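Visitor: Please take a close look at the side-chain pairings here, and at the way they are placed within and between chains. I would like one connected account, with the values given.

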2 protein chains.
Amino acid sequence: MKLTTRSEYALLALVYLARNEGEGFISIDTIATAQGIPPKFLEQLMLALKRAHFLRSAKGQKGGYRLAKRPDQIPLADVIRLFDGALAPTESVSENFYESTPIEKEKKLTKVFKDIRDYVSNKLEKTTIADVIK
Amino acid sequence: MKLTTRSEYALLALVYLARNEGEGFISIDTIATAQGIPPKFLEQLMLALKRAHFLRSAKGQKGGYRLAKRPDQIPLADVIRLFDGALAPTESVSENFYESTPIEKEKKLTKVFKDIRDYVSNKLEKTTIADVIK
DNA sequence: CAAATCCCTACTAAACCAATAGGATTTATA
DNA sequence: TATAAATCCTATTGGTTTAGTAGGGATTTG
């Protein structure tokens, strides 16, 4: 029932970049210092975010990262899924990561977890980085 | 964002016992076979459930387990907390397991996770084993 | 006494997590 | 053109958690 620090750090980095849009490329060290994240750890996350097309980067001096999308086009769900996998509380209830478990036979129980998944999913899908910096 | 199999198995065991209330003590092997759970693994869970006063047990031949409370007095939340700890998606948002993280400064973000915690918490607190066997 | 059963602790293999290390490459600029 | 600042990329590490397995002890019933 927990988020990894990876997701939290990634969200914090995106929030920082969103707040400082228009200031060109921003370096990992700048973000790490501002948000209190271990820089080399953040580096890995930024790379992943870049590969998933949340970010654009520039190498070399004056390089760094900036958002590849508008903040209102980045739902929290997308970020969390990238680092933590499925949003659902159990496998049997996840749409994206289905796997068979004995719990499936308990329909009422499954329903409870489906409801939770739906709420969490909806909440995180409709909340974007833009909502968070307002 | 995930439940451990421990919690799932524990819930399945409680559901089984609730469905078969009034049949006296039921052995681990019976439950394990019925619900598809590794018996020696289930044994540990049953012991924990017993120590947490969800179950009563009887040793020896004809021994086994039965519920120590009425099914409607066992919220799913209690069971999940026993095996998985906090329900909240991030530490900074958990009432029972507070710990400081850099995310706290982002109030809007924290709010989203608080909302999720509240929903999940409320849902799991008010759903009991009795609801699940109906 | 034998069988069934819970009780309890220890162990293990694999995965995951958070973080660190360090070299390779690219770019701006002095 | 040398240097510094930055990303890029892979590997490694130490710790924890997870999902089980193993096995001996204690207790009760037939």
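Guide: A residue is called buried when its relative accessible area is under 20%, exposed when it is over 50%, and partly exposed in between. The model is a predicted one.

Take A:D131 as the starting point. Its relative accessibility is 26%, which lies between the two limits, so A:D131 counts as partly exposed. The side chain of A:D131 meets that of A:K134 in a salt bridge, with 3.4 Å from N to O. The lysine, A:K134, has a relative accessible area of 68% and is exposed, because that value is over 50%. This salt bridge therefore joins a partly exposed aspartate to an exposed lysine.

Chain B has a salt bridge between B:K134 and B:D131, again with 3.4 Å from N to O. B:K134 is exposed at 66% relative accessibility, and B:D131 is partly exposed at 26%. In chain A, salt bridges with shared partners connect A:D78, A:R81 and A:E125 into one network.

Another salt bridge in chain B has a buried partner. B:D118 and B:R117 are joined in it, and their closest N and O atoms are 2.9 Å apart. B:R117 has a relative accessibility of 11%, which is under 20%, so this arginine counts as buried. B:D118, at 40%, is partly exposed. The count over all chains is 18 salt bridges.

Four salt bridges are counted between chain B and chain A. One that can be picked out in the view is formed by the side chains of A:D115 and B:K123, at 2.8 Å from N to O. Polar contacts across this interface come to six residue pairs, with both residues at pLDDT 80 or more. On the chain B side, the helices α1 (5–19), α4 (76–84), α5 and α6 (129–133) each supply at least two residues that face chain A. The most comes from α5(B), with ten residues.

As for the extent of the interface, 37 residues of chain B are in contact with 37 residues of chain A. The area buried between the two chains is about 3,500 Å², and carbon and sulfur atoms give 65% of that area.

Next come the rings. A search of the whole structure finds three aromatic pairs over all chains. One of them is formed by A:Y9 and A:F41, whose centres are 5.7 Å apart and whose planes are at 85°. Planes over 60 degrees apart count as edge-to-face, so this pair is given that name. The two residues come from distant parts of the chain: A:Y9 is in helix α1 (residues 5–19) of chain A and A:F41 in helix α3 (residues 39–51) of chain A, 32 residues apart. A:Y9 is buried at 14% relative accessible area, whereas A:F41 is partly exposed at 27%.

A stacked pair is formed by A:Y119 and B:Y119, at 4.0 Å centre to centre and with 5° between the planes. A:Y119 lies in helix α5 (residues 107–126) of chain A and B:Y119 in helix α5 (residues 107–126) of chain B, so the pair joins two chains. Both tyrosines are partly exposed, A:Y119 with a relative accessible area of 25% and B:Y119 with 23%. Helix α5 of chain B thus holds one ring of this stacked pair, and α5(B) is also the helix that gives the most to the side touching chain A.

Rings also pair with charges here. A:K69 lies over the face of A:F54, 5.1 Å from the ring centre. In chain B, the charged end of B:K69 sits over the ring of B:F54, at 5.2 Å from its centre.

A last tyrosine to look at is B:Y16, in helix α1 of chain B. B:Y16 is buried, because its relative accessible area is 18%, under the 20% limit. Apart from neighbours within four places in sequence, B:Y16 is in contact with B:I26, B:T30, B:I31, B:A34 and B:Q35. B:V120 is 104 residues away from B:Y16 along the chain, and their C-alpha atoms are separated by 24 Å.

Conventions. Residues numbered from 1 in each chain as written. Chains lettered and ligands numbered in written order. Predicted model: local features only at pLDDT ≥ 70, side-chain atom pairs only at ≥ 80, totals over all residues. Heavy atoms only, no water. Phe/Tyr/Trp six-rings, centres within 6.5 Å; stacked < 30°, edge-to-face > 60°. Helix = DSSP H or I, 4+ residues; strand = E, 2+ residues; numbered from the N terminus. Buried < 20%, exposed > 50% of the residue type's maximum accessible area, 1.4 Å probe, protein only. Lys NZ or Arg CZ within 6 Å of the ring centre and 35° of its normal. Contact = heavy atoms within 4.5 Å. Buried area = accessible area lost by both parts, 1.4 Å probe. Polar contact = N/O pair within 3.5 Å; in protein donor to acceptor, adjacent residues only side chain to side chain.
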